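User: Here's a model I'd like to go through in a quick question-and-answer round, please.

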Amino acid sequence: FAKLLIGQLGAQWQSYSKYLKMKEAIVFPTAEEDEIPLWTLAKAMNAGWLFRIPVQGRKGNGYIFDSDFITAEEAQREAESYLGHGVEVAKNIKFDPGALDRPWISNVCAIGLSASFVEPLEASSIGTSINQSFLLAQRIVNYNQESIDRYNAEVGAIMDNIRDFIALHYITDRRDTPFWQEVA
């Protein structure tokens, strides 16, 4: 997250907050259940959404929300009400969704969390890191400025697509809370 090298070279953060209103999340484990679902649950909540991911020995959970409409403590209470039991928040994550304008500058290439962060559900970050790695592998042999520019344009297009894909999840008829009215 610190972007120590690429930041020294002038890469700038391009915030997606105009499109993606989520900027905070609480994450917490819950016990594994007898029957393990084969899917991730995404549940619309009052100011964002809750996810539940079955993993070995537990479920990974989080409530990703817009802190303009709810606090972390209120999000925890809402999650507990939905789940029917208390939870212990393992981490409170505050973030500005976005990506670097130029993830490759000179001989430094930022990949993964040093280049972008869109939302705390890891799938988009893992997929982006894999795509960036493959693109770099294709361009790094005998690279020049044209190779770098093409890489940056392709990664920018990937990030714009991920941003737009996530934004599609908020197109709904739901208008029952101030958050959902704002997102509409």
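Analyst: Buried means under 20% relative accessible area, exposed over 50% and partly exposed in between (1.4 Å probe, protein chains only). The model is predicted, so local features need pLDDT of at least 70 and side-chain atom pairs 80 or more, while totals for chains, interfaces and linings use all residues. Numbering runs from 1 along each chain, and side-chain values use heavy atoms, without hydrogens or water.

User: Are F95 and F117 buried or exposed?

Analyst: F117 has a relative accessible area of 12%, which puts that ring under the 20% cut-off. F95 falls in the same class, so both F95 and F117 are buried.

User: How are the rings of F95 and F117 arranged?

Analyst: Phe, Tyr and Trp rings (six-membered ring for Trp) pair with centres within 6.5 Å; planes under 30 degrees apart are stacked, over 60 edge-to-face, the rest tilted. F95 sits in the loop between β6 (91–94) and β7 (98–100), and F117 in strand β10, so the pair ties together parts 22 residues apart in sequence. With centres 5.2 Å apart and planes at 70 degrees, the F95 and F117 pair is edge-to-face.

User: How far apart in sequence are the parts that F1 and F117 tie together?

Analyst: The rings of F1 and F117 have centres 5.4 Å apart and planes at 70 degrees, so this pair is edge-to-face. F1 counts as exposed at 60%, whereas F117 is buried. F1 lies in the segment before α1 (4–8) and F117 in strand β10, so the pair links parts whose separation is 116 residues.

User: Which residues form one aromatic cluster?

Analyst: Under the ring-pair rule the count comes to nine aromatic pairs. One cluster is made up of F69, Y170, F179 and W180.

User: Which element supplies the largest share of the lining of the largest cavity?

Analyst: The structure holds one cavity of 30 Å³ or more, with about 60 Å³ of space in the largest cavity. Its lining is S116, F117, V118, E119, S124, S125, T128 and M159. β10 (116–117) and α3 (122–139) each supply at least two lining residues. The largest share, three residues, comes from α3.

User: What span does helix α4 reach from its first C-alpha to its last?

Analyst: M159, one of the cavity-lining residues, is buried in α4, as are S147, I148, Y151, N152, V155, I162, R163 and I166. This helix (residues 145–168) has 24 residues, and 34 Å is expected at 1.5 Å a residue. Close to that, α4 reaches 35 Å.

Definitions and conventions: 1 Å grid on protein atoms, 1.4 Å probe; cavity = no way out; pocket = protein on both sides within 12 Å on 5 of 7 lines; lining within 4 Å. Points joined across faces, edges and corners; volume = space filled by probe spheres on them. Helix = DSSP H or I, 4+ residues; strand = E, 2+ residues; numbered from the N terminus. Expected span 1.5 Å × (residues − 1).
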